[in-house]
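Got your viewer running? Load the model, switch on cartoon plus sticks, and keep the selection box handy.

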Amino acid sequence: MGSVKDLQILVPPSPEQPGRGVFVFSDRYSVFDWGEMPDHIAHKGQALCLIGAYFFEKAEALGIATHYRGLVKDGRTCRLAELTEPVNAMEVALFNIIRPKVAKGSYDYSDYGPHLRNFLLPLEVIFRNALPPGSSVFKRLEQGILTLADLGLASPPQPGQVLHPPLLDVSTKLERSDRYLSWAEARQIAGLSDQELAELRSATLRLNEMITEEIKRLRLVHEDGKVEFALDGQRQLVVVDVMGTPDECRFTMDGVPVSKEVARVFYRATPWFAELDAAKKADPIGWKATVRTSPPALPPRLAELISFLYQGFCNELTGRRWFSCPPLAETVGEIRRMLK
């Protein structure tokens, strides 16, 4: 079980061959690496399942391999076009997860290398089309972790700045908190060759372009997002988890978030977040055990509006009315007024 979806293992992966499993998308959600939050977002699981299927099928049409095997309805695996009502289950191929060891307060990736097959890469690959206010890029520039040369910029960026070409970033996937890496570090810890790293970057750019083009129809701006990959038995790249959803990407409409960023905005003003932020800085690995308070519940109307965001996004992206909810623009308008 994860913080937002559950996994049913049908056939476990072997060292050489993928397994089979079913993602069951829940109405749970997570922010700031906390895990399950106190509220559930109604219909979020079904909406994410359909959105994920939509983008997987688009990726396959581009010739990009994914672990998607279809949506599950009444025990049968089918394509999105075959459904007449929403579902929250998706069949996927499964790959081995090799967790880094923790030794002397740091992570040891020595089990990774060119000999491995059929495994999840321990990386999250991030594409940045713009730098919204609050982007981690600004903090990392201030700290000297990131340079203007890394961004391909001659002068310091401004909040809201659009990036041409997009910036590709990378972080850890299997650590207690995500940690940004240089591309050289990413290649080293995952045991990738230069060619494999180049293929990963190329696939990420193609997926980012596809998602960006698709959501333009919804009058949305695609600011950033992430994708995850595995290497199969032949060490060929495969897109895994899900992509293109409001959980994986940051979308905005006229500057208003169309994603779980709405919940983050609310929580950043709470004492719980202040304590969590301080704990992460003090202990990047064991921080959660030191946070004594729990996150408060969302205001009921805000939780309902976030639910409408997911449902409306799904309806308008796929061109089908799966859910009874207001138009996306109407929901965004009310959120704008509430967040002022």
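Here is a walk through some strands, a few backbone oddities, a surface patch and a set of charged pairs. One thing before we click: the model is predicted.

**Stop 1: three strands and a turn**

Start by selecting residues 68-73, which is strand E3. Now add residues 89-94, strand E5. These two run antiparallel and are joined by three bridges. To see how they line up, pick Gly-70 in your E3 selection and look across to E5, where Glu-91 stands opposite.

Next, add residues 76-78, strand E4. E3 pairs with E4 in the antiparallel sense too, over three bridges. Here the pair to label is Val-72 and Thr-77, the latter in E4, standing opposite one another. What do E3 and E4 form together, and how many residues lie between them? They make a hairpin, with two residues between the strands. Click on Asp-74 in that turn and check its backbone: phi is positive, about 55 degrees.

**Stop 2: more backbone to check**

Keep the torsion readout open and jump to Asp-254. Its phi is also positive, near 55 degrees, and the residue is not a glycine. Asp-254 belongs to the loop between strand E13 (249-253) and strand E14 (256-257). Buried or exposed, this Asp-254? It is exposed, because its relative accessible area of 56% passes the 50% cut-off.

Then select His-164 and Pro-165 and read omega for the bond between them. At about 0 degrees, this is a cis peptide bond. Pro-165 is part of strand E10, residues 161-172, so leave that strand displayed; we come back to it below.

**Stop 3: around Arg-235**

Go to the loop between strand E11 (221-231) and strand E12 (237-240) and pick out Arg-235. This is another non-glycine residue with positive phi, near 60 degrees. Arg-235 has a relative accessibility of 8%, so it counts as buried.

What is in contact with Arg-235, setting aside neighbours within four places in sequence? Show sticks for Gly-113, Pro-114, Leu-116, Arg-117 and Phe-119, then add Gly-191, Leu-192 and Glu-196. Of these, Gly-113 deserves a distance label: its backbone oxygen is 3.3 Å from a polar atom of the Arg-235 side chain.

**Stop 4: a nonpolar patch**

Turn on the surface and colour Val-265, Met-338 and Leu-339. Together they form a nonpolar patch with about 200 Å² of accessible area. Met-338 sits in helix H9, residues 328-339. With a relative accessible area of 36%, Met-338 is partly exposed.

**Stop 5: charged pairs**

Side chains of opposite charge can pair when their charged atoms come close. How many salt bridges does a search of the whole structure find? The count is 32, and we will visit a few.

Begin with Lys-5 and Asp-241, whose side chains meet at 2.6 Å, N to O. This pair links distant parts of the chain: Lys-5 is in strand E1 (residues 5-11), Asp-241 is in the loop between E12 and E13, and 236 residues separate them. Both ends are buried: Lys-5 has 13% relative accessibility and Asp-241 has 11%.

Move on to Lys-173 and Glu-124. The closest N and O atoms of this salt bridge are 3.9 Å apart. Lys-173 lies in the loop between E10 and helix H4 (183-190), while Glu-124 is in strand E9 (residues 123-131), 49 residues away. At 24% relative accessibility Lys-173 is partly exposed, whereas Glu-124 is buried at 8%.

Now for the return to E10. Select Asp-169 there and Arg-128 in strand E9, two residues 41 apart in the chain. Their side chains form a salt bridge at 3.1 Å, N to O. Both partners are buried, with relative accessible areas of 3% for Arg-128 and 4% for Asp-169.

**Last stop: the network**

Finish with one combined selection: Lys-5, Glu-124, Lys-173, Lys-226, Glu-228, Asp-241 and Glu-248. A network of salt bridges links these residues. You have already met some of its members, among them Lys-5 and Asp-241 as well as Lys-173 and Glu-124.

Methods: Residues numbered from 1 in each chain as written. Predicted model: local features only at pLDDT ≥ 70, side-chain atom pairs only at ≥ 80, totals over all residues. Heavy atoms only, no water. Pairing = 2+ DSSP bridges. Helix = DSSP H or I, 4+ residues; strand = E, 2+ residues; numbered from the N terminus. Patch = residues over 30% accessible without salt bridge, like charges linked within 9 Å, V, L, I, M, F, W, Y side chains within 5 Å. Areas by Shrake-Rupley, 256 points an atom, 1.4 Å probe, with all protein chains shown as cover. Salt bridge = Lys/Arg side-chain N within 4 Å of Asp/Glu carboxyl O. Buried < 20%, exposed > 50% of the residue type's maximum accessible area, 1.4 Å probe, protein only. Polar contact = N/O pair within 3.5 Å; in protein donor to acceptor, adjacent residues only side chain to side chain. Contact = heavy atoms within 4.5 Å.
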